[in-house]
Amino acid sequence: MITRFAILPLFLALNLSMCKKQENASSSSQQASASSPTPVATPLAAASPKITKPVVDQTAQVLIFCYHRLVDKIRYPGTEITPAAFEAQMKELKDRGITVISMQDLLAWKKGEKNIPPRSAVVTFDDGWKSQYEVGRPIMKKYGYPFTMFIYTEGVRGGSLGGGEAITWEQLADMRDNGVDIEAHTATHQDLREGHNIMLAGPGGKRTRTKLTGPQYEQWMQNEVVGSKQLLEQRLGIKVNCFAVPFGNYNEHVKEIARNSGYEAMFTVYGQPITFTSSMDSIGRYAIEANKPKVFEDAVKMIATSSGGGAAVAEIGAKDLATQPADGETVHTALPLIKANLSPIGTIEPGSVQLRVSGLGVVPANYDPKSGTVSYQVTQKLHEKSCSVIISAKSQGKKVEAHWTFGIEEGAAGGTSPIPMPKK
């Protein structure tokens with residue numbers, strides 16, 4: 001018994017000593033943890049992939065083509081083309097080494113997220129004619145080309161403007177299921193600018209011509225720009241992020257509404273090669289029509305002659321060249337003076353300066369080497385409401401180029417070819 005009581009104090013002392021050692025070890029561990037990173041965190045952080053955007057070719061150029069009806073017998077040469085002519089053009093793109101890419105690839109490249117071939121093209125169809133499904137789709141499938149359809153919703157079969165030549169919702173769904181990109185082209189395909197004549201459907205299908213202003217105009221615009229987008233998204237279960245303005249007619253307010261409606265890009269019909277720096281809210285397309293056979297040929301000549309593509313081009317901002325008219329400016333004459341100051345570029349090679357004007361092509365511009373100014377007085381009335389200018393030159397062996405677009409006040413320019421409406 002005495003021995004048992006003698007051992008007990010010794011046992012308690014040993015336990016107390018061990019507890020203190022454990023406390024000291026725990027404290028040391030906590031101090032080390034506080035003064036240095038957690039050992040596990042370092043290898044995990046090192047293993048995490050670094051996400052970076054790909055380096056895209058900013059010298060690439062894209063042609064965007066706009067087609068309407070494909071018919072054997074041309075009745076409306078301003079909006080129709082024969083199937084044979086259409087297929088010949090699709091073949092020519094392949095023969096010239098121009099790669100047809102999808103609309104979404106174009107947008108991804110513009111955002112710096114994806115590379116595209118140096119010389120590319122996008123093919124679009126406007127309105128929603130059944131010939132696009134019955135004739136255009138098989139030809140595009142034959143060449144393995146992606147394409148985009150810009151649809152105005154009341155023009156689909158069953159809508160107030162959808163007659164016997166219109167595409168159906170079932171055909172659109174079939175297109176969607178086979179990878180076709182479907183985008184918005186308003187509800188009723190009319191001039192979107194405030195104060196212009198439009199047709200409104202009344203009771204019993206009666207249609208009346210009127211002009212809308214103020215709150216009535218804004219409400220109508222919501223249906224045209226936002227409502228058409230929502231209907232396409234709901235009926236087809238898709239995301240609509242592109243918008244084509246009817247007839248190419250727009251102003252700053254139309255662009256603002258489209259931007260606020262969630263569209264990433266807005267398209268017109270004033271064709272020009274699209275570059276990495278081209279504005280996303282007025283992207284020009286080449287409208288291919290039977291009565292303008294040279295449009296397609298002139299377009300493809302501008303960016304490529306072989307599968308090797310063209311030489312790299314350095315894009316110069318139009319603002320740096322003090323252009324006249326300025327980019328985005330609206331002028332009051334259809335015979336404007338076009339000027340640019342090339343001095344900021346540096347030494348220009350003599351004879352390399354070239355000026356192109358949409359609707360006119362290459363023009364005989366005057367270049368003054370002393371001042372660095374290039375100018376051209378338009379002598380042939382411009383007939384569109386928007387004019388694109390492309391100026392190029394060589395500096396130290398490298399080609400440089402600038403693009404800009406200006407508007408022409410309505411009344412100063414001529415009209416455009418009528419589009420047959422509705423599809424009755």
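Of the 424 residues in the protein chain, 45% come out as buried, meaning under 20% relative accessible area with a 1.4 Å probe and protein chains only, while over 50% would be exposed and anything in between partly exposed. The model is a predicted one, with local features needing pLDDT of at least 70, side-chain atom pairs counting only at pLDDT 80 or more, and totals for chains, interfaces and linings using all residues. Numbering runs from 1 along each chain as its sequence is written, and side-chain values rest on heavy atoms, with hydrogens and water left out.

The chain holds 9 helices and 21 strands, taken as DSSP runs numbered from the N terminus (helices: H or I, at least four residues; strands: E, at least two). Taking a contact as heavy atoms within 4.5 Å, pairs 24 or more positions apart make up 67% of the contacts with a separation of 6 or more. About 21,500 Å² of the chain is exposed, and carbon and sulfur atoms supply 54% of that (Shrake-Rupley, 1.4 Å probe).

On to the inside. The largest nonpolar core has 56 residues, of which Phe65, Tyr67, Met90, Leu93, Leu172 and Phe243 touch the most other members; such a core is a set of buried Ala, Val, Leu, Ile, Met, Phe, Trp, Tyr and Cys residues joined through side-chain atoms within 4.5 Å. Helix H7 (residues 214-236) chips in the most here, with 6 residues. Apart from this core sits another of 26 residues, with Val331, Val378, Ala402 and Trp404 among them. Back in the largest core, Phe243 touches, beyond residues up to four places away in sequence, a set including Phe150, Leu192, Val225, Tyr263 and Met266.

Leu172 belongs to helix H6 (residues 169-177), where Trp169, Gln171, Ala173 and Met175 are buried along with Leu172. Those buried residues pack against helix H5 (130-143), strand E6 (148-151), strand E7 (181-184) and H7. After H6 comes Gly179, with a positive phi near 85°.

Now for the empty space. A pocket here is an open set of points on a 1 Å grid over the protein atoms alone, with protein on both sides within 12 Å along at least five of seven lines; lining residues have an atom within 4 Å of a point. The largest one has a volume of about 1,100 Å³, counted as the space filled by probe spheres set on the points. It is lined by 44 residues, and Lys292, Val295, Ser358, Gly359 and Glu384 are the closest to its centre. Helix H9 (294-303) and strand E20 (386-395) are among the elements that each supply at least two lining residues, and H9 has the largest share, at 5 residues. By class, that lining splits into 18 nonpolar, 17 polar and 9 charged residues.

The second largest pocket takes up about 710 Å³. Among its 36 lining residues, Tyr250, Lys255, Ser282, Gly328 and Thr405 are the closest to the centre. Helix H8 (252-260) and strand E21 (398-408) each supply at least two, with E21 giving the most, 6 residues. This lining has 9 nonpolar, 17 polar and 10 charged residues.

Strand E20 also carries Ser392. Why does Ser392 count as buried? Because its relative accessibility is 8%. Neighbours within four places aside, Ser392 is in contact with Ser352, Val353, Gln354, Lys399, Val400 and Glu401.

How values were computed
On a 1 Å grid over the protein atoms alone, a cavity is a set of points where a 1.4 Å probe fits but cannot get out, and a pocket is an open set with protein on both sides within 12 Å along at least five of seven lines; lining residues have an atom within 4 Å of a point. Ala, Val, Leu, Ile, Met, Phe, Trp, Tyr, Cys and Pro count as nonpolar, Asp, Glu, Lys and Arg as charged, and the others, Gly among them, as polar.
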